[in-house]
Structure formats: structure tokens, C-alpha cells
Amino acid sequence: MKIEIIKRDNNLLEFNIKGINVTMANALRRAIISKIPMMAIEKVTFYDNSSALNDEVLAHRLGLIPLRTDLKTYNFVEECTCKKKGCAKCTAILTLDISGPGTVHSNELKSTDPKIVPIHGTIPITKLTENQAVKLEAKAQLGTGIEHIKWQGGLASYAAKDDGSIDFFVESFGQLDVKEMVEKSFDVVQKEIDELKSALK
Ligand SMILES: [Zn+2]
């Protein structure tokens with residue numbers, strides 16, 4: 001297998017890969033879009049919410065805010081030693097404590113871990129008038145796009161060329177570096193093959 005980088009630009013990576021077939025390329029594409037762990041807000045505790053949006057809608061909006069992801073520190077809450085309780089190895093805490101009037105943006109979310117923060121600070125969360133306030137604590141955890149779109153980290157597509165090689169196009173939404181996302185997708189496919197192998201024994 002031989003990989004040649006064609007273009008690299010912030011969150012975009014274009015490369016040519018020789019020595020794999022279209023089936024393998026599709027497995028990689030699927031891994032990139034749906035099987036790489038990303039951080040997203042999963043649980044929200046409300047202490048105050050007098051905004052026009054109810055708790056469920058606000059929690060849903062918070063879940064969709066892309067967060068920087070750190071796969072070296074965090075693991076899945078289901079696989080964590082804390083037995084799903086939520087600890088520093090599987091859960092990052094973000095808080096929001098704000099009063100109106102004004103629009104509340106994603107940069108108002110304060111994270112206990114500087115590595116797990118919103119990628120974009122200008123995403124509007126809700127609007128508050130005078131005398132309205134929101135106070136909440138949100139738990140961010142790892143998940144995959146196959147479970148919920150909020151954990152999808154990017155897009156991937158490929159084109160088979162006449163010489164048998166395959167051109168790949170990968171875009172990261174910013175949670176992970178695009179190169180790390182591609183590297184991780186190789187690990188994911190390898191793990192699936194290993195699991196299949198051991199199941200056949
Ligand atoms: Zn834990």
C-alpha cells in the first residue's frame with residue numbers, strides 16, 4: 001500500500017492510495033464519517049432556564065456544538081473504569097451561567113478542560129431578554145457518528161482512477177486534526193478485521 005498526499009489545507013486532506021480495492025476504500029470512508037470517536041455534549045443539568053427555548057430544545061442545540069476532541073486523554077464512558085459514572089477520563093464538564101439581555105453564543109460555555117472547548121465561538125445558543133437567565137452544567141462524552149450525527153467528525157469520499165489507485169478526499173469539521181482522523185480510520189478498520197478474525201476461530 002502506498003499513500004501520496006495531493007493536497008493539505010487546514011481541515012482538508014486529499015491523497016492518492018495504491019494497493020487497496022474499492023471495497024477497502026469504502027470501509028475507510030465509512031470509518032471516517034461514522035466510527036471515529038468525537039466529543040459532544042450528552043447530558044445537561046439545568047439549574048435555571050427562563051429563556052424562550054425549553055430545556056429539551058436547549059440541550060439538543062448544545063449537543064450539536066462541535067467540540068475539540070482529545071482521544072489521548074478520553075475514552076468511551078461505557079468502557080471507562082468509573083463504570084459509567086462519569087470521571088475525568090471519560091467526561092468533560094462545561095458550564096453556562098448567563099443573564100439577559102442578549103444573544104448567548106457558544107463562547108460563553110466554560111469548560112473545565114481547556115482541550116475540550118467549542119471549535120466556533122459564534123454559534124448562537126439562545127436569545128435572552130432582560131430578566132431571563134440560563135444556568136446549566138453539561139457533560140461532554142465520546143461517541144460515534146453511527147450513534148448520532150452530533151458525533152460525526154467530518155466527510156469523506158473517493159474516486160477510483162484508471163490506473164487502479166484511489167483518490168481520497170477528507171474534510172474534518174474541526175474536532176480532530178484531519179490527519180489524525182485518517183490515521184484513526186485505519187485503526188478502526190484494522191480492529192474490525194481483527195474482531196472478525198477472532199470470531200471465526
Ligand atoms: Zn469514567
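# Two packed helices and two sheets in a predicted model

Helix α1 (residues 22-34) packs against helix α3 (residues 178-200) at an angle of about 115°, and the two axes lie 9 Å apart. Here axes are lines fitted to C-alpha atoms, for helices over the stretch in contact, and angles run from 0 to 180 degrees between N-to-C directions. Such a description follows general practice: two packed helices are described by the angle between their axes and the distance between the axes. The crossing of α1 and α3 is right-handed; a crossing has this hand if the near helix is turned clockwise from the far one by less than a right angle, and is left-handed if anticlockwise. On the α1 side the contact is made by A27, L28, A31 and I32, and on the α3 side by M181, V182, S185, V188 and V189. Two residues are in contact if their C-beta atoms, placed from the backbone, lie within 7 Å. By class, the contact of α1 with α3 has eight nonpolar residues, one polar residue and no charged residues. In this scheme Ala, Val, Leu, Ile, Met, Phe, Trp, Tyr, Cys and Pro count as nonpolar, Asp, Glu, Lys and Arg as charged, and the others, Gly among them, as polar.

The structure is a predicted model, in which local features need pLDDT of at least 70 and side-chain atom pairs count only at pLDDT 80 or more, while totals for chains, interfaces and linings use all residues. Residues are numbered from 1 along each chain as its sequence is written.

The protein as a whole has three helices and 10 strands. Helices (H or I, at least four residues) and strands (E, at least two) are DSSP runs, numbered from the N terminus. Read from the N terminus, the elements follow the order β-β-α-β-α-β-β-β-β-β-β-β-α. Along the principal axes, the C-alpha atoms fill a box of roughly 65 × 40 × 25 Å. Of the 201 residues, 28% count as buried; a residue is buried if 20 or more other C-beta atoms lie within 10 Å of its own, exposed if 12 or fewer, and partly exposed in between, with C-beta atoms placed from the backbone. Among contacts with a separation of 6 or more, 65% come from residues 24 or more positions apart.

The domain assignment gives domain 1 (2-36 + 153-200) and domain 2 (39-144); such bounds come from an automatic or database domain assignment. The centres of domain 1 and domain 2, taken over C-alpha atoms, are separated by 30 Å. Seven residues from domain 1 and seven residues from domain 2 take part in the contact. The side of domain 1 that touches domain 2 has three nonpolar, three polar and one charged residues.

One open sheet consists of four strands in the order β1-β2-β10-β9, with antiparallel pairing. Because β1 (2-9) and β9 (154-160) stand at the edges, each with a single partner strand, one side of each is left without a neighbour in the sheet. Neighbouring strands of this sheet are turned by 15° against each other on average, direction ignored. Two strands pair if DSSP finds at least two bridges between them. Seven bridges join β9 to strand β10 (residues 166-172), and these strands run antiparallel. Within this pair, L155 stands opposite E171 in β10. Helix α1 lies across β9 and β10 and runs at about 170° to β9. Helix α3 packs on the sheet as well, touching β2 (12-18), β9 and β10, and its direction makes about 120° with that of β10.

The other sheet to consider is also open and antiparallel, with four strands in the order β3-β8-β4-β6. Its edge strands are β3 (38-49) and β6 (110-111), each of which pairs on one side only. Strand β4 (residues 91-99) is joined to the antiparallel strand β8 (residues 133-143) by nine bridges. S99 has A133 of β8 as its bridge partner, and L96 stands opposite L136 in β8. Two bridges join β4 to β6, again antiparallel, and L94 stands opposite S111 in β6. Helix α2 (residues 55-63) lies across β3 and β8, running at about 150° to β3.

One residue of helix α3 remains to be described, namely E183. Is E183 buried or exposed? E183 is exposed, because 12 other C-beta atoms lie within 10 Å. From A88, E183 is 95 residues apart in sequence and 25 Å apart in space, C-alpha to C-alpha.
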